[in-house]
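Colleague: I would like to go through the charged pairs and the cysteines in this entry. Please show it to me.

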Amino acid sequence: MINQRIPTQPEPRHLGRAARLLEAVLLGGPDTGLDTETCLAVAAALARLDDVHPPYPPRPHPAAPIAARDGIGQALRELTAAIAQARSAEEAIRVGLAARELHPQGHRP
Amino acid sequence: VTYRQELDSLGRHLAVLSATPHQMDGPEMDVASAGFTATAQLLRRVHYDLVGSGPGIPLLIASLERPVPLLGRLLRDLPDLPQTASPSELLSTPSAGVAGAHWCAVIRSATLAAHYWDTADPDTKPRAAAVHTEIAQIAALAEGLAAVGQDLEGHLRAAGREWDSARLRTANLTALGIVASTARRAALSRVAGDVTQAANPSPSGPVADIRPIPPQLVLTILRPSQLADGLRRLDSLLRSADHLTPPHLRLVTRAVATAASESGRSLHAAGHLTPATEVLQHARLLTDVVRSAGGVASIWPGDQRPLAQAQQLHLHLASIRRANTVLDPRDAWAVAQALPAVTAALQDTTSRMIITRVWVQRSTDSEPLWQPTRRGVETPAVLHRLITAADHADQLRAAVTLDVIRCGETAEGKWCRVGEQGRRPRPGQTTPTGRPTPSTDGPRTASPTRPGPKR
């Protein structure tokens, strides 16, 4: 409903690329290195990226799956760039927490 | 640089810290603890200003229906981690790791954002719908702080610092992350009612930036009873000053030390020996600051207003000394009560100058000769002296705000209550020591305690 009322605006470039990469990773399977744990982590990160404000227009669906390791690595680089270009503290934190989800081994020693 | 820019910078560095796993050694954990505490203090302050204290919120699942007040409760529960040094000292020590560099930036941004928030014109602070957007920013930062706080807790535990680790664990950072996320969504859903603002945020951020308060006037001091007001205005002018140069710091501190010395002399003459000892000790510590203010310079011109206010104080105190008189005990008491806040303002402003790298100091063993006061360069001695004086200011504050003091070292050991706007004790009223107060011949030098300046 909100998307019908509120006009969308262009998604930040790095954010869009990272989201497309993660969606492409999710299209894969065991042959692309997508195990259950990685799948859950990527889905969590994608959910955080989709939790956007203001809303962005729908992204084109990725054509083919990509290898999980490569896709996550590229997405992390895009997210790091997105943090640097964030337009507000809220956006930077949201992107940072999405990138955090992509480290299933955790951050704690 | 403005509040909004510092808040965005804080968000970016917290985001990087939360996004990437980092290794931390002992000194970096000290820096991280200081950064965590500075950010928590900033978020607490802004949330309180926007939302207020709110009703007592129990920590129940049902409280999530009111996530914004609950966020305030959880922010208040965050611990102030013990710090081995002041933020400016920590920023001056070398930090080799990536995490240490980001935490240093967090300290800097949180300190400056808190300064800009505190000194902002209240009329420019967020109101109406803008409050929800600001709350969303604060909630997002709290969410990021909860994430990096969990990492820090793990690092502290791994390093064997169980006490600090336990304090973070009991703060329930997981709950803070969940509540902050819920509060952010709730705040944004309120903002979404304003279609224009939600869909077209300005490039610099969705909320207009706050502006500093208009310049305050320097108080002219004509009578001794105005000295305390002059000191309180000096406190305010120091905190709102854009820049303070080391020569100005020396002159301002000299005026404050002179005021302390005169106040101590008067209190001593009036028989208030314990407060007089503390005030005179404070004057000596401020004199140490004056002596150690050399070897540092500023790359920006200083704000003239604190210096002008200090000159007003100095002129009046010099006239008292020339006349070889002492302050009235009431005025001396008021001056003593105003001193701790001014010393704290001097230390905070000096720390801010060092954090913002406005000051350069003379280096004897390396080139170039003058270097910014930054990492790898020794912290200026004047800051160490100011920290010592600020530590003593807490002791002084306690000594001059006691509502019962011993008045006079007479043989009878008479006592007098001086609190409650100077009301004399009723005859027969007992003191904390159990001695009855004299009924008729109480000391006449008792001065009323006045509430300290609001910080």
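Modeller: Buried means under 20% relative accessible area, exposed means over 50%, and partly exposed lies in between. The model is predicted.

Colleague: Is B:D80 buried, exposed or partly exposed?
Modeller: The relative accessible area of B:D80 is 37%. Because partly exposed lies between under 20% and over 50%, B:D80 is partly exposed.

Colleague: Which residue does B:D80 meet in a salt bridge?
Modeller: The closest contact in question is 2.8 Å, N to O. This pair links distant parts of the chain, with B:D80 in the loop between α3 (67-77) and α4 (87-92) of chain B and its partner in helix α2 (residues 26-51), 36 residues apart. The partner counts as buried at 19% relative accessibility. The residue is B:R44.

Colleague: What separates B:R73 and B:D77 along helix α3 of chain B?
Modeller: These two form a salt bridge with the closest N and O atoms 3.1 Å apart. B:R73 is partly exposed at 25%, and B:D77 is partly exposed at 34%. Because they are 4 residues apart in the helix, the separation is about one helical turn.

Colleague: Which residue of helix α3 of chain A pairs with A:E101?
Modeller: A:E101 lies in helix α5 (residues 89-101) of chain A, 53 residues from its partner in helix α3 (residues 36-50). The closest N and O atoms are 3.1 Å apart. The partner is A:R48.

Colleague: How many disulfides does the structure hold over all chains?
Modeller: A disulfide is a covalent bond between the sulfur atoms of two cysteines. Among the cysteines, A:C39 is partly exposed at 28% and B:C104 is buried at 5%. The count over all chains is 0.

Methods
Residues numbered from 1 in each chain as written. Chains lettered and ligands numbered in written order. Predicted model: local features only at pLDDT ≥ 70, side-chain atom pairs only at ≥ 80, totals over all residues. Heavy atoms only, no water. Disulfide = S-S within 2.5 Å. Buried < 20%, exposed > 50% of the residue type's maximum accessible area, 1.4 Å probe, protein only. Salt bridge = Lys/Arg side-chain N within 4 Å of Asp/Glu carboxyl O. Helix = DSSP H or I, 4+ residues; strand = E, 2+ residues; numbered from the N terminus.
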